[in-house]
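Colleague: I should like to learn how helix length and burial are read from a set of coordinates. May we work through an example together?

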Amino acid sequence: MKKFEEIEYHYDKLKVLWLDYWKEEVVFTYQWWIMILILILPFFLWWMLVDKRRIIEISLVGLFISGIAFILDQIGVSLRYWIYPYTLTYLERDLWLPANFSIIPFFYMMIYQWFPKWNKYILAITVFSFFASFVGESIFKWLGIYKVLKWEHIYSVPFYILIGIFVKIVLQKFISIERKSRHGI
């Protein structure tokens with residue numbers, strides 16, 4: 001138990017250090033304002049573009065993607081593959097929530113909506129994966145919001161693709177179950 005008490009002690013010190021850093025060097029910087037925009041803007045775009053007849057289905061895509069992105073981000077940060085020097089709130093510490101909960105789900109939802117057929121969906125997800133990995137991540141790195149420690153952009157590509165495929169498979173299965181239960185099959 002002595003080791004755990006030592007961890008608690010250092011964690012408390014780190015919390016104070018992080019709060020000081022966040023208040024003095026993060027909040028209201030241009031990076032912080034960019035993250036505010038990245039958090040809010042996709043919701044407005046989504047509302048204008050979403051097919052309101054399929055809003056629940058498409059929203060589920062966003063919800064699944066957000067959860068998966070959050071978990072994978074947690075793993076990446078915990079393993080010290082990357083870190084986020086700029087965060088929206090002091091509470092986040094290591095997570096860059098605007099990407100996980102707005103911009104990434106937005107793109108997956110739009111791809112899901114616009115490309116219902118599997119072959120075009122796979123192509124769109126692949127193009128998005130390369131774009132997000134090499135352009136998106138590079139921009140956030142250049143802005144200083146995202147700092148790579150032991151990661152290469154190419155490693156992200158299969159994750160983006162597999163996430164898109166997984167979510168479409170799960171959602172199609174849910175839709176199939178729902179249809180069968182409606183018809184008493």
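Modeller: Let us begin with length. The expected span of a helix is 1.5 Å times one less than its number of residues. Helices are DSSP runs of H or I with at least four residues, and strands are runs of E with at least two, numbered from the N terminus. The 24 residues of α3 should therefore span 34 Å at 1.5 Å a residue, and its end C-alpha atoms are indeed 34 Å apart. This is a predicted model, in which local features need pLDDT of at least 70 and side-chain atom pairs count only at pLDDT 80 or more, while totals for chains, interfaces and linings use all residues. Residues are numbered from 1 along each chain as its sequence is written, and side-chain values use heavy atoms, with hydrogens and water left out.

Colleague: Which residues of α3 are buried?

Modeller: Buried means under 20% relative accessible area, exposed over 50%, and partly exposed in between (1.4 Å probe, protein chains only). An α-helix has 3.6 residues a turn, so residues three or four places apart point the same way. In α3 the buried residues are Ile-58, Val-61, Gly-62, Ile-65, Ser-66, Ala-69, Asp-73, Gly-76 and Val-77. They pack against α2 (30-49), β1 (82-83), α4 and α6, where contact means heavy atoms within 4.5 Å.

Colleague: Is Gly-67 buried or partly exposed?

Modeller: Gly-67, which lies in α3 (residues 55-78), is partly exposed, with a relative accessible area of 31%. Its C-alpha atom is separated by 9.5 Å from that of Pro-105, 38 residues apart along the chain.

Colleague: What follows α3?

Modeller: Arg-80 follows α3, with a positive phi near 60 degrees.
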